[in-house]
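Reader: I am new to this structure and should be grateful for a close look at one part of it. Could you choose a region of the helices, explain its surroundings in detail, and then relate it to the rest of the chain?

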Amino acid sequence: MDLTMGHGHGHGHRADADRRYLAAALALLLAFMAAEVVIGIAANSIALISDAGHMLTDAGAIALALVAMRMAARPARGAYTFGWKRAEILSAAVNGLTFVALVAYFVYESVRRLIEPPEVAGALVFGTALAGIAVNAVAAWLIARADRSSLNVEGAFQHILNDLYAFVATAIAGAVVWLTGWGRADAIAALVVAALMAKAAYGLLRDAGRILFEAAPDGVNPTEVSAAIIAHASVTGVEDLHVWTVTSGFPALSAHVTVMPGGDCHRVRRELAELLHQRFHIDHTTLQVDHVPGTACHMITG
């Protein structure tokens, strides 16, 4: 029997730099959000208020990302043999759920305002939205410099990117209200924001769900993995094959492999680990390699 852990894992090697980028984006968003809430109330604009609410979730997403990154960096100890690496996945799931809650509210409020449109200060909405585009562009640039292979960082980036698109829609709505007086444009812009948020929520919840339910990594077919292992010249069978993702960029595999009589278990294990690394990009492997029942293990030393 040969139990082994594969090549190791370098996830989070640039976590300090990522935290700096996220913290800078968080400070920028909080400052603008405070001003936007005041302006949105003064302008009586649901589009601006929805953007402010979206920015609140942006700030929350980044704050959660920062906390989750710090937790994920904790070393494995005691009962937590993988450490706290899944904290970032829980953070991504929370981000997706906040999107869902906001979508429900903004759809309700937008429909209500489509039926009974209030007076909206279009010029104020337009100017604030243009400022929001600039702020979110800078924040998106900061977060894009972090490691977006992390679902946690990607979740924060999706929040910012959706808010950037939302401000574009709000700017257009503000210009329409300002130039034509058609107040319903403000509510339509809020519905556009809600649609963008729903799309982002689906992607985050889908990806987080796959990891939390320990599905095979995206692009890795367990049937193909099993066939590749069995194709090895010395392998006679593979059982109890499990392929899952511990956290973003951290796929893992475990399996029981049997080899033909007289085969070198340790050599086969090393070759299979290299195969899984090269073909499927799985570095963390636990392989139990035995001879078929009734035969003795043959080991080559030297």
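Author: The account below begins with the whole chain, turns to the region around one helix, and ends with the strands.

The model is a predicted one. Its protein chain contains eight helices and three strands, and in sequence order these follow the pattern α-α-α-α-α-α-α-β-β-α-β. The chain has 302 residues, of which 49% count as buried. Its accessible surface comes to about 14,200 Å², and carbon and sulfur atoms account for 64% of that area. When contacts between residues at least 6 apart in sequence are considered, 76% of them join residues at least 24 apart.

The region chosen for the close look is helix 5, which spans residues 151-180. Thr170 belongs to this helix, and it serves well as a starting point. Is Thr170 buried or exposed? Its relative accessibility is 0%, and because the limit for a buried residue is under 20%, Thr170 counts as buried. With residues up to four places away in sequence left out, Thr170 touches Ala47, Leu48, Asp51, Val125, Ala129 and Ala189. One of these partners, Leu48, is 122 residues away along the chain, yet the C-alpha atoms of Thr170 and Leu48 are separated by 7.0 Å.

Two other partners of Thr170, Val125 and Ala129, lead to helix 4, which covers residues 122-144. Both Val125 and Ala129 are buried there, and the buried residues of helix 4 also include Gly122, Thr128, Gly132, Val135, Asn136, Ala139, Ala140, Leu142 and Ile143. An α-helix has 3.6 residues a turn, so residues three or four places apart point the same way. Helix 4 consists of 23 residues, and the distance from its first C-alpha to its last is 32 Å, close to the 33 Å expected at 1.5 Å a residue.

A second view of the region comes from His54, which lies in helix 2, residues 46-72. His54 has a relative accessibility of 0% and therefore counts as buried. Beyond its neighbours up to four places away in sequence, His54 touches Phe99, His159, Asn162, Asp163, Ala166, Val193 and Met197. The C-alpha atom of His54 is also 8.7 Å from that of Ile160, although their positions lie 106 residues apart along the chain.

One of the residues touched by His54, Asn162, connects this region with the second largest pocket. The space in that pocket is about 220 Å³. Its lining has 12 residues, and those closest to the centre are Glu154, Gln158, Asn162, Lys199 and Ala200. Which helices supply at least two residues each to the lining? Helix 5 and helix 6 both do so. By kind, the lining residues are six nonpolar, three polar and three charged.

Helix 6 spans residues 184-212. It has 29 residues and reaches 42 Å from its first C-alpha to its last, close to the expected 42 Å at 1.5 Å a residue. After helix 6 comes Glu214, with a positive phi near 55°, although Glu214 is not a glycine. Glu214 sits in the loop that leads from helix 6 to helix 7, residues 222-230. Glu214 counts as partly exposed because its relative accessibility is 44%.

The strands complete the picture. Asp240, in strand 1 (residues 235-247), is another residue other than glycine with a positive phi, near 50°. At 55% relative accessibility, Asp240 counts as exposed. Asp240 is among the contacts of Ser254, together with Leu241, His242, Trp244 and Thr286, when neighbours within four places in sequence are set aside. Ser254 belongs to strand 2 and counts as buried at 18% relative accessibility.

Thr258 is found in strand 2 as well, which runs over residues 250-259. This residue is buried, with a relative accessible area of 15%. Outside its neighbours within four places in sequence, Thr258 is in contact with Ser234, Val235, Thr236, Gly237, Asp290, His291 and Val292.

Conventions
Residues are numbered from 1 along each chain as its sequence is written. This is a predicted model: local features need pLDDT of at least 70, side-chain atom pairs count only at pLDDT 80 or more; totals for chains, interfaces and linings use all residues. Side-chain values use heavy atoms; hydrogens and water are left out. Helices (H or I, at least four residues) and strands (E, at least two) are DSSP runs, numbered from the N terminus. Buried means under 20% relative accessible area, exposed over 50%, partly exposed in between (1.4 Å probe, protein chains only). Contact means heavy atoms within 4.5 Å. Accessible areas come from the Shrake-Rupley method with a 1.4 Å probe; for residues, only the protein chains shown count as cover. On a 1 Å grid over the protein atoms alone, a cavity is a set of points where a 1.4 Å probe fits but cannot get out, and a pocket is an open set with protein on both sides within 12 Å along at least five of seven lines; lining residues have an atom within 4 Å of a point. Grid points are joined across faces, edges and corners, and a volume is the space filled by probe spheres set on the points. Ala, Val, Leu, Ile, Met, Phe, Trp, Tyr, Cys and Pro count as nonpolar, Asp, Glu, Lys and Arg as charged, and the others, Gly among them, as polar. The expected span of a helix is 1.5 Å times one less than its number of residues.
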